[in-house]
Amino acid sequence: MKKMIFSAGLALGAFTCSSSVAVAQDTDSLPSGKDSVRMVTAVPKYPLTQTRTSGFHVTVAEIAVPAAMIGYGLIALNNPTLRDLNTTTKAELKEDHPTFRTHIDNYLQYAPVAAVYILNAAGVHGKHNLRDRTIILGISAILTAGTVEGVKHWSHEERPDGSDFLSFPSGHTATAFAAAEFLRQEYKDVSPWYGVAGYLAATATGALRMYNNKHWLSDVVAGAGVGMLSTKAAYWMYPWIQRTLFKDGSRKADKVIMPFYNPQFHSAGLSFIFFPR
């Protein structure tokens, strides 16, 4: 069985904020022959209940790897050698597990997102507060779904099981890897293992799509690249959105209406997000 190793470089850098301590000497009230020092703690510029968001920084590898994965999938649409690899991979999977069927991939794709909110509820706080991370997640979902659906209709690639011509790229895999990158970005400063766990769940989702005979290998590889880049783009865009909606760290709006698209059920609508004061 041909094995594809999905990888993404760990991003460098962290957002830091520190408070300063000022020392002053009150000479008028000092007893004779003695010195006293009064410690005055400065008020932090950014309240602890707010998120300080600066520019989003990535390494070349963090962009090059998912871009190469998308490129691989696009080339495989018309390259005989890569199409043969798709066919042989499918044959080997069916030979090893001819009757395999599962619906776990329908739920596993959302596991990294669920982990972010569960960890925060348990007191393990990530990079952003509820408002900010929810908006970032919404932007990522819109970019992922929009890209996947547009390319699916453009490529007109038939699925391995022949059910339709919406095979390329894999929407489940794109959603899973977008969620995995979301988990990694939120918790990479806490521990890199959260990101590792998220990417393992995403990789399992892609593998299950092939085992279920719903996608070719190239569909899964390209979908992973789309998902990762979509979340990176969402983090890059958010500082501008934050400055537009929430000036000077204060809340300019406590309600946000965002469009959404569910690629699994091909449904669209508007999501209403309310952030309690």
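## A cis peptide bond and the loop around it

P169 belongs to the loop that runs between helix 5, residues 130–155, and helix 6, residues 171–187. In this structure, which is a predicted model, the peptide bond that joins F168 to P169 is cis, with an omega of about -10 degrees.

The loop between helix 5 and helix 6 also contains H156, and this residue has a feature of its own in the backbone. Phi of H156 is near 55 degrees, which is a positive value in a residue other than glycine.

## A second positive phi

Where is N213 found in the chain? N213 is part of the loop between helix 7, residues 192–211, and helix 8, residues 217–245. Although N213 is not a glycine, its phi is positive, at about 65 degrees. With a relative accessible area of 9%, N213 counts as buried, because buried means under 20% relative accessible area.

## The chain as a whole

The chain has 8 helices and 4 strands, and a reader who follows the sequence from its beginning meets them in the pattern β-β-α-α-α-α-α-α-α-α-β-β.

Of the 277 residues in the chain, 42% are buried, while the area that the chain exposes is about 15,100 Å², with carbon and sulfur atoms supplying 63% of it. Contacts can also be sorted by how far apart their partners stand in the sequence: among those between residues at least 6 apart, 73% join residues at least 24 apart.

## How helix 1 meets helix 2

Two packed helices are described by the angle between their axes together with the distance between those axes. For helix 1, residues 60–76, and helix 2, residues 80–96, the angle is about 95 degrees and the axes are 8 Å apart. Angles of 65 to 115 degrees count as roughly perpendicular, and helix 1 and helix 2 are therefore roughly perpendicular to each other.

Which residues in helix 1 and helix 2 meet? From helix 1 come Y72, I75 and A76, and they meet L82, R83 and L85 in helix 2. The residues of this contact divide into 5 nonpolar, no polar and 1 charged.

## How helix 4 meets helix 5

Helix 4, residues 111–121, packs with helix 5 at an angle of about 180 degrees, and the axes of the two helices are 12 Å apart. Because angles over 145 degrees count as roughly antiparallel, helix 4 is described as roughly antiparallel to helix 5.

In this contact, V113, V116, Y117 and N120 of helix 4 meet L130, R133, T134 and L137 of helix 5. Sorted by kind, the residues of the contact of helix 4 with helix 5 are 5 nonpolar, 2 polar and 1 charged.

## A network of buried salt bridges

The structure holds 9 salt bridges, and one of them is formed by E62 with R184, whose closest N and O atoms are 2.5 Å apart. E62 lies in helix 1 and R184 in helix 6, so this pair ties together parts that are 122 residues apart in sequence. Are these two partners buried or exposed? E62 is buried, with a relative accessible area of 2%, and R184 also counts as buried, at 3% relative accessibility.

R184 has a further partner in E181, and here the closest N and O atoms are 3.0 Å apart. E181 and R184 are 3 residues apart in helix 6, which means that about one helical turn separates them. The relative accessible area of E181 is 0%, so this residue is buried as well.

E181 in turn forms a salt bridge with K232, with the closest N and O atoms 2.9 Å apart. Since K232 lies in helix 8 and E181 in helix 6, this pair ties together parts that are 51 residues apart in sequence, and both K232 and E181 are buried. Through salt bridges that share partners, E62, E181, R184 and K232 are joined into one network.

Note on methods:
Residues are numbered from 1 along each chain as its sequence is written. This is a predicted model: local features need pLDDT of at least 70, side-chain atom pairs count only at pLDDT 80 or more; totals for chains, interfaces and linings use all residues. Side-chain values use heavy atoms; hydrogens and water are left out. Buried means under 20% relative accessible area, exposed over 50%, partly exposed in between (1.4 Å probe, protein chains only). Contact means heavy atoms within 4.5 Å. Accessible areas come from the Shrake-Rupley method with a 1.4 Å probe; for residues, only the protein chains shown count as cover. Axes are lines fitted to C-alpha atoms, for helices over the stretch in contact, and angles run from 0 to 180 degrees between N-to-C directions. Angles under 35 degrees count as roughly parallel, over 145 as roughly antiparallel, 65 to 115 as roughly perpendicular and the rest as oblique. Ala, Val, Leu, Ile, Met, Phe, Trp, Tyr, Cys and Pro count as nonpolar, Asp, Glu, Lys and Arg as charged, and the others, Gly among them, as polar. A salt bridge is a side-chain nitrogen of Lys or Arg within 4 Å of a carboxyl oxygen of Asp or Glu.
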